[in-house]
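Look at the sequence and the structure below. The paragraphs that follow start with one helix and then move outward to other parts of the chain.

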Amino acid sequence: MDIFSREKRSHVMAQIRGRDTKPELLLRRSLWAIGFRYSLHRKGLPGRPDLVLTKWNAVIFVHGCFWHAHENCAGFRLPKSRVEFWQEKLDGNRTRDEQSALALVEGGWSVAVVWECAIEADVEKVSEILSKWLRATKRVNILEVRSSTS
C-alpha cells in the first residue's frame, strides 16, 4: 500500500528531473574544471546523452541508480507495491539504455555510463577515470564507472 494518494504520488513522480540532476551537475562541474568542454543532451543522438564531447567523439550518460536499476547498489531497491509494473518499467529502461549505447558505438562514438552512486562517492575520482579514458589512444567502446561499493 502506498503512503500517498494516487494524485499525490503522481505529483511527486512528476517532480523527478530527467536532466540537470544533482549527480549530472556535479560531474559537469568537475569535468569543466579540468578542461573538458561538452554540449548537453544532443537531440540527434540515440538515447540523448547527458554530455557530448565532440572533440573526443565520446558521450557520457549519468544513470540514476533507481531509474536504471543498478544491480547490487544501495541506491536501488525494487518497490514493494506494483512490482510487476516497476519490473517492466525498469527492464524497459535497461533495454533502451543498452540499445542506445550499441547504436552510438555503431555510429563511431565511445560511450561512458557513470552511475549516480560513483559520483556521490567521489566525483573527482570519476572525473579522473573519465579523463584517462578520453585521452587514451586505444579507448574501450563502452566504459562503465561504478562506485567501489556497488
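The model shown here is predicted. A good place to begin is the glycine G35, which comes after helix α2 and has a positive phi, near 105°. From there, step back to the helix itself. Helix α2 covers residues 22–33, which makes 12 residues. From its first C-alpha to its last, α2 reaches 17 Å, and this is close to the 16 Å expected at 1.5 Å a residue.

Which residues of α2 are buried? They are P23, E24, L27, R28, S30 and L31. Viewed down the axis of α2, the buried residues fall within an arc of 170°, so they line one face of the helix. The face turned away from this buried side carries K22, R29 and A33, which are exposed. What do the buried residues pack against? Their partners are the strands β1 (39–40), β2 (51–53), β3 (58–63) and β4 (110–115), together with helix α4 (116–135).

Two of the buried residues of α2, E24 and R28, lead on to a histidine. H41 is found in the loop between β1 and β2. With a relative accessibility of 7%, H41 counts as buried, because the cut-off for buried is under 20%. Leaving aside neighbours within four places in sequence, H41 is in contact with E24 and R28, and also with R19, D20, R48, P49 and D50.

The exposed residue K22 of α2 leads in another direction. The C-alpha atoms of K22 and E120 are separated by 9.2 Å, although the two residues are 98 residues apart along the chain. E120 lies in helix α4. Is E120 buried or exposed? Its relative accessible area is 53%, so E120 is exposed, the cut-off being over 50%.

The last stop is empty space. Rolling a probe the size of a water molecule over the atoms shows where such space is left. In this model, the largest pocket holds about 950 Å³ of space. Its lining is made up of 36 residues, and those nearest its centre are V62, H63, G64, H68 and D97. The elements that give two or more residues to this lining are α2, β3, α3 (83–106), β4 and β5 (142–145). Which of the elements gives the most? Helix α3 does, with nine residues. By type, the lining of the largest pocket divides into 14 charged, 12 nonpolar and 10 polar residues. Helix α2, where this walk began, thus returns as one of the elements in the pocket lining.

Terms used: Residues numbered from 1 in each chain as written. Predicted model: local features only at pLDDT ≥ 70, side-chain atom pairs only at ≥ 80, totals over all residues. Heavy atoms only, no water. Helix = DSSP H or I, 4+ residues; strand = E, 2+ residues; numbered from the N terminus. Expected span 1.5 Å × (residues − 1). Buried < 20%, exposed > 50% of the residue type's maximum accessible area, 1.4 Å probe, protein only. Arc of directions from axis to C-beta. Contact = heavy atoms within 4.5 Å. 1 Å grid on protein atoms, 1.4 Å probe; cavity = no way out; pocket = protein on both sides within 12 Å on 5 of 7 lines; lining within 4 Å. Points joined across faces, edges and corners; volume = space filled by probe spheres on them. Nonpolar A, V, L, I, M, F, W, Y, C, P; charged D, E, K, R; others polar.
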